[in-house]
Amino acid sequence: MDFNLPQELEILRKMVRDFVNDRLQPISEKVEEEDEIPPEIIREMAELGFFGLPFPEEYGGGGMGELGMAVLLEELGATSAAFSNVLAPHVELAGMSILFGGTEEQKKKYLPPMCAGEKIACFALTEPNAGSDAANLATRAERRGDRYIINGSKIWITNGNIADIIIVYALTDPALRARGGITAFIVERDFPGFKVGKVDRKMGLRGSHTAELIFENMEVPAENVLGEVGMGFITAMKALDMGRIGLAAGAVGATQKLLEMSIQWANTRVQFGRPIAENQAIQWMLVDMAIGAHAGRLMTYHAAWKADQGLRVSREAAMVKTFCSELANRAADLAVQIHGGIGYMKEYPLERAYRDARILKIYEGTNEIQRLVIARDLLKAGK
Ligand code: COS
């Protein structure tokens, strides 16, 4: 057993950390205020290879696998969540859907421009009545000759308003649903019948947008069925396994940052004539954050490593998603507590971190759904 990351991932970590400190941190307040990431920053992220990092080199990717993606997202966790929220659904959900479910031709056609960041992608699964119950889709796809006609709508789709490529999950056989009745389609923005609906107003994650997508008799060539008809649900679940690992990595990075900010504050804030770090009550809060970050990091790297071996990681992905999202929420709460009044003020980034952490327990499958996935696996395996 070797706990050291491969050298190329240590180099990656250093490069991302420098980029976060030099380019992202200085504009994170501006992104929050203007609710927009400057386009040149997206371009720089693309030039650094972020949009294709885990994918095989033959498709234009960086070949660094899920472990590489975990390192990238962990480092991005130290700054505004907006940046990773543009990146992660593109890579982990849309890109992985194509990698896991697509034909060789589709991978060769769609992954290179996505890896280069020339085309931004989104993952369109959620609907008003298909949230946790992801198979309960109402969006229908019906075959007519050499094309499919898709009718329905999706909600809360991250990058939906800017995506060039949309992975749409639709019902092709209502009788079969999760077991053969759901098909994924690669939809391009200019396909007739596609339009973006309302862009949402959210509690946090300013700078990253979610939107409603509407399909009115949208025409999709049959060759744009992602892989095989009826395999959509399995593809979505496999991609979500990666999304959950990536989310966990970001949560670990956020926790680490909150810990470091809290240590610095506790060492310098003087009350009753001495730094508050000398109080055991404060020390124990720091310790709880540090234990959590260490455990979360190891679990997440393990899950990513296992995914890179091509093994099924549904249980581990659900575990790290649950553990690390709850960790980041607790860390945000503790960090605000340690900082006291200043932690509650808008001019300090903690209140943003507090709001941004909340979604981690909800999206990519609520923590209740993660526990259901783990429980089913436990009961099936008997251990
Ligand atoms: N990899 C491969 N196959 C998978 C899989 C995975 N990760 N997850 C499920 N499957 C397979 C199952 O094995 C099952 O096939 P078999 O019966 O042949 O074994 C099939 O898919 C259906 O799975 P299941 O019975 O678990 O379907 P359910 O309808 O009960 O749904 C949950 C399962 C609840 C786990 C799923 O709906 C879910 O993840 N919901 C949350 C959705 C979500 O994360 N939304 C976020 C939106 S994107 S931000």
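## Close-up views of a predicted model

**View 1. Who stands around the ligand.** Sorted by class, the shell around the ligand holds 9 nonpolar, 5 polar and 7 charged residues. This is a predicted model, so take each view as a look at a computed structure. In total, 21 residues surround the ligand, and the closest are Ser132, Arg179, Arg244, Ser314 and Arg376. Where does the ligand lie relative to domain 2 (121-230) and domain 3 (234-381)? Both domains give residues to the shell, so the ligand lies between them.

**View 2. Polar atoms facing the ligand.** Start with Arg244: one of its polar side-chain atoms lies 2.8 Å from an oxygen atom of the ligand. The backbone joins in too, with a polar backbone atom of Ala134 at 3.5 Å from a ligand oxygen. For Glu364, a backbone N or O atom lies 3.5 Å from an oxygen atom of the ligand. Taken alone, the ligand would expose 1000 Å², and the protein buries 74% of that. Two elements, α7 (232-268) and α11 (367-381), are the ones that give two or more residues to the shell. Of the elements, α7 gives the most, with 7 residues.

**View 3. Ser314, one of the closest residues to the ligand.** Zoom in on helix α9 (residues 314-339), and you'll find Ser314 in it. Is Ser314 buried or exposed? Its relative accessibility is 12%, so Ser314 counts as buried. The side chain of Ser314 also makes a polar contact with the side chain of Arg312, at 2.9 Å.

**View 4. A stacked pair of rings.** The model has 4 aromatic pairs. One of them brings together Phe194 and Phe215, with ring centres 6.0 Å apart and planes at 25°, so this pair is stacked. Phe194 sits in strand β6 (residues 194-199) and Phe215 in strand β7 (residues 210-221), so the pair ties together parts that are 21 residues apart in sequence. Both rings belong to buried residues: Phe194 has 12% relative accessibility, while Phe215 has 1%.

**View 5. Two residues with an unusual backbone turn.** Most residues other than glycine have a negative phi. Trp156 goes the other way, with a positive phi of about 60° although it isn't a glycine. Glu364 isn't a glycine either, and its phi is positive at about 60°. Where do they sit? Trp156 lies in strand β3 (residues 147-158), whereas Glu364 lies in the loop between α10 and α11. Trp156 has a relative accessible area of 54%, so it is exposed. Glu364, at 16%, is buried. You've met Glu364 already in View 2, where a backbone N or O atom of this residue lies 3.5 Å from a ligand oxygen.

**View 6. Sequence distance next to distance in space.** How far apart in space are Pro349 and Leu258, which are 91 residues apart in sequence? From C-alpha to C-alpha, Pro349 and Leu258 are 9.9 Å apart. Pro349 has its place in the loop between α9 and α10 (350-358), and at 31% relative accessibility it counts as partly exposed. Now look at Asn367, a residue of helix α11. Asn367 has 2% relative accessibility, so it counts as buried. Asn367 and Asp190 are 177 residues apart in sequence and 36 Å apart in space, C-alpha to C-alpha.

Definitions and conventions. Residues numbered from 1 in each chain as written. Predicted model: local features only at pLDDT ≥ 70, side-chain atom pairs only at ≥ 80, totals over all residues. Heavy atoms only, no water. Near = heavy atom within 4 Å. Polar contact = N/O pair within 3.5 Å; in protein donor to acceptor, adjacent residues only side chain to side chain. Areas by Shrake-Rupley, 256 points an atom, 1.4 Å probe, with all protein chains shown as cover. Helix = DSSP H or I, 4+ residues; strand = E, 2+ residues; numbered from the N terminus. Nonpolar A, V, L, I, M, F, W, Y, C, P; charged D, E, K, R; others polar. Domains from an automatic or database assignment. Phe/Tyr/Trp six-rings, centres within 6.5 Å; stacked < 30°, edge-to-face > 60°. Buried < 20%, exposed > 50% of the residue type's maximum accessible area, 1.4 Å probe, protein only.
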